[in-house]
Each structure stands twice: as C-alpha cells, then as structure tokens.
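Good morning, colleagues. Please have the sequence and the model open in front of you while I speak.

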Amino acid sequence: MYDRILKRIQEKIRTRQYVITSHTEEEMDDDELSIFDIERCILTGKITERQKDTVTKEWKYVVEGQSVSGDRVGAVAKLSLTGKLFIITVYLV
C-alpha cells in the first residue's frame, strides 16, 4: 500500500541521508540494537502503519523488519521537509 514511500525511505538509508534522534539512541541502547540493525530493519521491512503527528501534522511511518541477527525490529520514521529521513524511535517487536 505504501510501496512508493517505502522505496523513498529505503533510498534514504542506502544513501545515508538520515538522522537518528537522541530518543532513538536511548531506545537502541535499551534494546541492545546497533545502527546496522536499524538499517537492516528498514531495508528488509514493510510499512505496517501510517500515523499523523498530532502537533506537526506530518505523516510518520512504522516499518517492521529484521535486525542483523534476525530479531523482529520496528522503527518509526518520517521524511522531513529538508529531504532527510528522521528515525524517531525503534523497538523490538
């Protein structure tokens, strides 16, 4: 359903045009995930949900995929007006 958006998100990962928020870094530490796990999650994943931010009214997307070790991982990301991908949070599924 969101194939076009997923391709754009994945291209931002491939070309390293993304930003990891401090909240995401905290969640990565809590769940013992690396940046490689997040990249693999998005590159192997599918968009499972679209959400609208209540404050900014921007769309954000929940992508679920696999970590390097094969664990199920979720990431919430949005495409910013600057053209970068912002990874808002990550979690183990």
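I shall begin with the chain as a whole, then turn to its strands, and close with a few individual residues.

Please keep in mind throughout that this is a predicted model. The protein chain contains three helices and five strands. Followed along the sequence, these elements come in the order α-β-α-α-β-β-β-β.

Let me turn to overall dimensions. For a chain of 93 residues, a compact globule would be expected to have a radius of gyration near 12 Å, and the value for this chain, 12 Å, agrees with that. Along the principal axes, the C-alpha atoms occupy a box of roughly 30 × 25 × 25 Å. Of the 93 residues, 38% count as buried. If we take the contacts with a separation of 6 or more, 47% of them are between residues 24 or more positions apart.

As for the surface, the accessible area of the protein chain is about 5,700 Å², and carbon and sulfur atoms contribute 49% of it. On the charged side chains, there are 15 positive and 16 negative ones, with the centres of the two sets 12 Å apart.

I now come to the strands. Which strand pairs with strand 1 in the parallel sense? The partner is strand 5, residues 85-92, which is joined to strand 1, residues 18-20, over three bridges. Within this pairing, Val19 has Phe86 of strand 5 as its bridge partner.

Strand 5 also pairs with strand 4, residues 72-79; these two run antiparallel and are joined by seven bridges. Here Phe86 appears again, standing opposite Lys78. Phe86 is thus the bridge partner of Val19 and also lies opposite Lys78. Strands 4 and 5 form a hairpin with five residues between them, and in the turn Gly83 has a positive phi of about 95 degrees.

There is a second hairpin to consider. Strand 2, residues 46-52, and strand 3, residues 59-66, run antiparallel and are linked by six bridges. In this pairing, Glu49 faces Val62 of strand 3. Six residues lie between the two strands of this hairpin, and Lys57 takes a positive phi near 65 degrees.

As a general point for anyone inspecting the strands on screen, side chains in a regular strand alternate between the two faces of the sheet.

Next, the individual residues. Gln10 belongs to helix 1, which covers residues 3-14. Is Gln10 buried or exposed? Its relative accessibility is 10%, and since the cut-off for burial is under 20%, Gln10 counts as buried. Leaving aside residues up to four places away in sequence, Gln10 touches Ile42, Leu43 and Gly45. Of these, Ile42 and Leu43 fall within the range of helix 3, 35-44.

Two further residues deserve a look for their backbone angles. Arg16 is not a glycine, yet it has a positive phi of about 55 degrees. Arg16 is located in the loop between helix 1 and strand 1. With a relative accessibility of 56%, Arg16 counts as exposed, because the threshold for that class is over 50%.

Glu32 likewise has a positive phi of about 55 degrees without being a glycine. Its place is the loop that lies between helix 2, 22-30, and helix 3, 35-44. Glu32 has a relative accessibility of 73% and therefore counts as exposed.

That concludes my presentation, and I thank you for your attention.

Technical notes. Residues numbered from 1 in each chain as written. Predicted model: local features only at pLDDT ≥ 70, side-chain atom pairs only at ≥ 80, totals over all residues. Heavy atoms only, no water. Helix = DSSP H or I, 4+ residues; strand = E, 2+ residues; numbered from the N terminus. Rg over C-alpha atoms; globule rule 2.2 N^0.38 Å. Buried < 20%, exposed > 50% of the residue type's maximum accessible area, 1.4 Å probe, protein only. Contact = heavy atoms within 4.5 Å. Areas by Shrake-Rupley, 256 points an atom, 1.4 Å probe, with all protein chains shown as cover. Lys, Arg positive; Asp, Glu negative; His and termini not counted. Charge placed at Lys NZ, Arg CZ, Asp CG, Glu CD. Pairing = 2+ DSSP bridges.
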